[in-house]
Amino acid sequence: MAQCTQVRPDLDFVRDMQAAGGENLKKCYQCATCAVACPIAPANNPYPRKEMVWASWGLKDKLMSDVDLWLCHNCGNCADLCPRGARPADVMGAARNMVYKDLTSPSIIGKWMSSIKGLPFLVAIPAFLWLFVWAVRSGAKGWFPRAADGRIVFGEIFYGDYTIDPIFIITFFGALFILYRGTMNLLERFRPEGSLLMLGNVKPWYMHLWDVLFEEILTHKKFQDCNDAKSDRKFGHMAVFYSFAILAVVTAIVAGGHWIGKVIPAVHLETPMPLIFPVKILANLGAIGLLCGLILLTLRRLKLDPKFQASSFYDWYLLGVIWAVAVTGLFSQIFRLMDCVTWAFCAYYLHLVVVWMLFAYLPWSKLGHFVYRVAALTYVRAIGRR
Ligand code: SF4
Ligand code: SF4
């Protein structure tokens, strides 16, 4: 007996997809050129043609639980060859953006993160938070105090023990917890009904996780398979990734020196550190690497031909916040060395605002895909999809 499948299109979802970066999705006429053009799509049930149908028909559940969204490296090869200008790479990106939006709660953050209209709310939260700290700590010292020896020391206002460290520790671990819940929700969406039986020589999941971390993150090897010609993207990503890793190490050393130094005075680290101190040199190398990566990635985005590929608010939000972190950090240091106390404190305040935004909104931003993608790719390898 013939089986009848009822299709229930979600037209709001189609509109949301268009707003999230997939504005040309309705131009698709299902020729399948994109699925053939994609250099990394598996031969069995390739993407992105099927995702184009689901997006166009408003099949939200299918698209939001599609593990193949996370295999796409957004290289744009498919878009270059699409005869209709439907921009399939952007549609894949828009679908991932839609996943971040409601993957984890509080969903209001996901809503604010989805368009420029939400940006004032996202900025206002840390702006008021750090202004409150500043106002409380200014007290008798004034808003722009100097240390007893006349130096500019940000800790005079934003004292590590009572302000910076507790606020960032709570923010960081809170974001990690939300990210963990989001990752579990994502994996739950992928799970097929019933049970999956794997035959043959099955590797444990942590071996797949290591392969993914090595190939996709540490070496970005897959970028080569995907799109060798546009390697500025690979170098830009790697520069940003390794610079963040250097800056994370520096932060850990400074925090360790501060807190462990209370118990073991020999490891105590005094801040601000002199420019020639090895940890400071490492921090400045990290900052320079970050700026180089940002320049490469920003130039690449600006050079995109909108006929084939464009940038969404999600793309610009992440680049903008990382730029703001790098520039405000640099100017905090420059104004401090120039002894401009007012400008130094203002730059440092802005630095705290944007660093807080980077961490606190991570589970809803494109930075979260760093974790979501790793989880999805590990799952895909574990089920033998690639
Ligand atoms: S997105 Fe373009 S290439 Fe892909 S099926 Fe649609 S029209 Fe064809
Ligand atoms: S953007 Fe690249 S990886 Fe993604 S579907 Fe298109 S060709 Fe494949």
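Here are a few exercises, each with a worked solution, on the predicted model shown above.

**Exercise 1. Find out how the chain is divided and which elements of domain 1 touch domain 2.**

Step 1. Start with the split: domain 1 covers 11–102, and domain 2 covers 109–382.

Step 2. Now see how far apart they sit. Their C-alpha centres are separated by 28 Å.

Step 3. Look at the contacts between them: 27 residues on the domain 1 side meet 28 residues of domain 2.

Step 4. Go through the domain 1 side element by element. Those giving two or more residues to it are α1 (11–22), α5 (77–81) and α6 (88–102). Of these, α6 gives the most, with nine residues.

Step 5. Finally, sort that side by class, and you get 13 nonpolar, eight polar and six charged residues.

**Exercise 2. Describe what surrounds ligand 1 and what surrounds ligand 2.**

Step 1. Take ligand 1. It has 13 residues around it, and the closest are C28, C31, T33, C34 and C82. Two elements, α2 (33–37) and α3 (49–57), each give two or more residues to this shell.

Step 2. Check the classes around ligand 1: nine residues are nonpolar, two polar and two charged.

Step 3. Move to ligand 2. Here the shell has 17 residues, with C38, C72, C75, C78 and A89 coming nearest. The elements giving two or more residues are α5 and α6, and the largest share, three residues, is from α6.

Step 4. Sort this shell too: 13 nonpolar, four polar and no charged residues.

**Exercise 3. Work out which residues touch the most other members of the largest nonpolar core, and which helix gives the most to this core.**

Step 1. The core has 81 residues, and A55 and A95 are the ones that touch the most other members.

Step 2. As for helices, α15 (residues 341–360) gives the most, namely 12 residues.

Step 3. Ask where the core sits relative to the domains. It takes at least three residues from each of domain 1 and domain 2.

Step 4. Zoom in on A95. Leaving out residues up to four places away in sequence, A95 touches M17, E51, A55, L63 and L69.

**Exercise 4. Compare the spans of α12 and α16 with what is expected, then find their buried residues.**

Step 1. Helix α12 (residues 232–263) has 32 residues and reaches 46 Å from first C-alpha to last, close to the expected 46 Å.

Step 2. Helix α16 (residues 369–382) has 14 residues, so at 1.5 Å a residue it should span 20 Å; the end C-alpha atoms are 19 Å apart, which agrees.

Step 3. List the buried residues of α12: R233, K234, G236, A239, V240, S243, L247 and V250. They pack against α11 (221–226), α13 (278–303) and α14 (313–337).

Step 4. Do likewise for α16, where Y372, R373, A375, A376, L377, T378 and Y379 are buried. Their cover includes α9 (160–190) and α10.

Step 5. Have a look just past α16, where G384 follows with a positive phi near 75°.

**Exercise 5. Decide whether H220 and V202 are buried, partly exposed or exposed.**

Step 1. Locate H220 in the loop between α10 (205–218) and α11. Because H220 has 18 C-beta neighbours inside 10 Å, it counts as partly exposed.

Step 2. Check its contacts. Apart from neighbours within four places in sequence, H220 meets K234, H237 and M238.

Step 3. Locate V202 in the loop between α9 and α10. V202 has 11 other C-beta atoms within 10 Å, so it is exposed.

Step 4. Follow V202 across the sequence: I383 is 181 residues away along the chain, yet their C-alpha atoms are 9.2 Å apart.

**Exercise 6. Track down the cis peptide bonds at P48 and P106, and the positive phi values of Q30 and R87.**

Step 1. Y47 and P48 are joined by a cis bond with omega about 5°, and P48 is in the loop between α2 and α3.

Step 2. S105 and P106 are also joined by a cis bond, with omega about 0°. P106 sits in the loop between α6 and α7 (107–113).

Step 3. Q30 is not a glycine, but its phi is positive, about 65°. Its place is the loop between α1 and α2, and with 14 C-beta neighbours inside 10 Å it counts as partly exposed.

Step 4. R87 also has a positive phi, near 50°. R87 is in the loop between α5 and α6, and it counts as buried because it has 28 C-beta neighbours inside 10 Å.

Definitions and conventions. Residues are numbered from 1 along each chain as its sequence is written. Chains are lettered from A and ligands numbered from 1 in the order in which they are written. This is a predicted model: local features need pLDDT of at least 70, side-chain atom pairs count only at pLDDT 80 or more; totals for chains, interfaces and linings use all residues. Domain bounds come from an automatic or database domain assignment. Two residues are in contact if their C-beta atoms, placed from the backbone, lie within 7 Å. Helices (H or I, at least four residues) and strands (E, at least two) are DSSP runs, numbered from the N terminus. Ala, Val, Leu, Ile, Met, Phe, Trp, Tyr, Cys and Pro count as nonpolar, Asp, Glu, Lys and Arg as charged, and the others, Gly among them, as polar. The expected span of a helix is 1.5 Å times one less than its number of residues. A residue is buried if 20 or more other C-beta atoms lie within 10 Å of its own, exposed if 12 or fewer, and partly exposed in between; C-beta atoms are placed from the backbone. A residue is near a molecule or strand if its C-beta atom, placed from the backbone, lies within 6 Å of it. A nonpolar core is a set of buried Ala, Val, Leu, Ile, Met, Phe, Trp, Tyr and Cys residues joined through C-beta atoms within 7 Å.
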